[in-house]
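Student: I would like a close look at a single part of this structure. Please take one helix and go through its surroundings, and then tell me about the ring pairs and a few loop residues.

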Amino acid sequence: MKKLFPEFTGVTSAQWKEQIVKELKGTDFNKLVSRTHNGFDVNPFYSAEDLKENKAPLLTNNDWDICEQITVQDEKEANHHALRALEGGAGGLAFYIHKKIDTAELVKNISIEHIYSQFFISNDALHVLDDLKKHYGKINEHDGKIKCFINIDPLSLLAYYGEWHESEEKDLQTLNKLIHIPVNVSLYEEAGASTVNELAIGLAHANEYFNYLSEQNKLPEKKALHFIFSIAPDFFTEIAKLRAFRKLIFLLQEQYGINLPVHIHAQTAQINKSSLDIFNNMLRTTTEGMSAVIGGANSLAILPYNNDFGKATDFASRIAMNQQHILKDESYLCKVADISSGSYYIESITDSIAEKAWEQFKVIESKGGFIACLKNNFIQNLIQHDANVLQQEFKEGKLVLVGVNKYVNPTDSVRSTEFGVGSMTRGKGLITPIKPIRLATELDNKKSTPNSELSTPN
């Protein structure tokens, strides 16, 4: 067979730029370069010349566990919800538990040993560690991975509530009870942090644990790292975010002489969701889910489109599950080891995000590290600045939510949101708490009618 590639001469970046300027009738090329919130430029096109080196794939397997996220209020109801999700094709469960529960009732008839599961608990639910010791941290004989994670993250709880549960010393001692190291990075995305600051803070969060465990000589005992990320709507940036973080956490582990396996659990963000034109949330979560799996998430929960606007309906939960089935069974995103590997654009912004985040991480460390920067408000101020920029762009219409601040349905009326968010305010505890925000809260509240019901397709 005759090879055709030698028939074509290569085109340099300089030639592309020249042609672009010609086609745009002399437009200054620099005007086509955009500046991101993350402090680096994005060019209108990329080529092999933009890559500093040949990039090897980051992942050898792009499959992921389809998860159902369940906040446990009533054990029997949560168990019924979980079993229904598994029957609907879920391969994992993410339970959020903030009180003492009957764990046996919660996991009744669920084969925890055969699925991915995470139990995100607070200090009031520490008994779950003992209740699930048969499964927690065990290596699955079929894939050689840890499938059950019990996540209690003292630093995340400190950041959210603004105070320790008991004391810094006693709260951090909880880590000694864990087989792995859990880090909830999603809080920083939901509070409005830029991608670079989100990764830098998440890295400092993990490093605080590494430091503590090293001092206790407990770090070598840990078997894995588990990170939780929220995935925002910036499609390519979110792909690059997860890829950049894998590089950064590998670099950080090198400093400690460890190489723990990394599990990234992703969930669709809530910062950009609205009860206005509410079915648009399904479209938003679809692209966010794609970003997560292309970026290399090991497990994913796509939240129902009405998740924070009253109790999610069966229809909404079924659609959220089927969105992932479509990504797997109809789009085949699980069949390619590292889909974005070799993309000039994604590889370039992955490197840019990683470099900027590492620089910001070093700034945090130079100021005493994660806990110190919470106490002196450095981290809160970083996030608040980023959140203010987002909120201002949303108000000015530069950041668009279709059906919310553009192409608005004038007859739309919705229920009041149950999502208790707002601007960060100083709490009565040790530090200023970091709280999630939602960009559309003000507009939702203006349009809300307390007793109205959302229509749902059959």
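Tutor: What follows starts with helix α5, then moves to aromatic rings and to some single residues.

This is a predicted model, in which local features need pLDDT of at least 70 and side-chain atom pairs count only at pLDDT 80 or more, while totals for chains, interfaces and linings use all residues. Residues are numbered from 1 along each chain as its sequence is written, and side-chain values use heavy atoms, with hydrogens and water left out.

Helix α5 covers residues 154–161. Helices here are DSSP runs of H or I with at least four residues, strands are runs of E with at least two, and both are numbered from the N terminus. Six of the eight residues of α5 are buried, so the helix is largely enclosed by the rest of the structure. Buried means under 20% relative accessible area, exposed means over 50%, and partly exposed is in between, with a 1.4 Å probe and protein chains only. The buried residues are P154, L155, S156, L157, L158 and A159. They pack against α6 (168–173), β7 (181–184), α7 (186–190), α8 (195–215) and α13 (370–375). Just after α5, G162 takes a positive phi of about 85 degrees.

One of these partners is α8. Two packed helices are described by the angle between their axes and the distance between the axes. For α5 and α8 the angle is about 130 degrees and the axes are 10 Å apart. Axes are lines fitted to C-alpha atoms, for helices over the stretch in contact, and angles run from 0 to 180 degrees between N-to-C directions. The two helices, α5 and α8, are therefore oblique to each other. Angles under 35 degrees count as roughly parallel, over 145 as roughly antiparallel, 65 to 115 as roughly perpendicular and the rest as oblique. P154, L155 and S156 of α5 make the contact with H205, E208 and Y209 of α8. Contact means heavy atoms within 4.5 Å. By class, this contact of α5 with α8 has three nonpolar, two polar and one charged residues. Ala, Val, Leu, Ile, Met, Phe, Trp, Tyr, Cys and Pro count as nonpolar, Asp, Glu, Lys and Arg as charged, and the others, Gly among them, as polar.

Now the rings. The structure holds 16 aromatic pairs. Rings of Phe, Tyr and Trp (its six-membered ring) pair if their centres lie within 6.5 Å; planes under 30 degrees apart count as stacked, over 60 as edge-to-face and the rest as tilted. The rings of Y160 and Y161 have centres 4.9 Å apart and planes at 85 degrees, so this pair is edge-to-face. Y160 counts as partly exposed at 27% relative accessibility, and Y161 counts as partly exposed at 47%. Another pair is Y305 with F315: the ring centres are 6.2 Å apart and the planes are at 75 degrees, so this pair is edge-to-face. The pair links distant parts of the chain, with Y305 in the loop between β10 (299–301) and α11 (314–330) and F315 in helix α11, 10 residues apart. Both Y305 and F315 are buried. Ring pairs also link Y46, F235, F236 and Y345 into a cluster.

Y160 has a charged partner too: K435 lies over the face of its ring, at 3.5 Å from the ring centre. The charged end of K328 sits over the ring of W64, 5.0 Å from its centre. A charge sits over a ring if NZ of Lys or CZ of Arg is within 6 Å of the ring centre and within 35 degrees of the ring normal.

Some single residues remain. I258 lies in the loop between α9 (235–256) and β9 (262–268), and I258 is buried, with a relative accessible area of 17%. Leaving aside its neighbours within four places in sequence, I258 is in contact with F210, L219 and Q253. The C-alpha atoms of I258 and S156 are separated by 23 Å.

N377, in the loop between α13 and α14 (378–396), has a positive phi near 70 degrees in a residue other than glycine. N377 counts as buried at 15% relative accessibility. Y407 is not a glycine either, and its phi is positive at about 55 degrees. Y407 lies in the loop between α14 and α15 (441–447) and counts as exposed at 60% relative accessibility.
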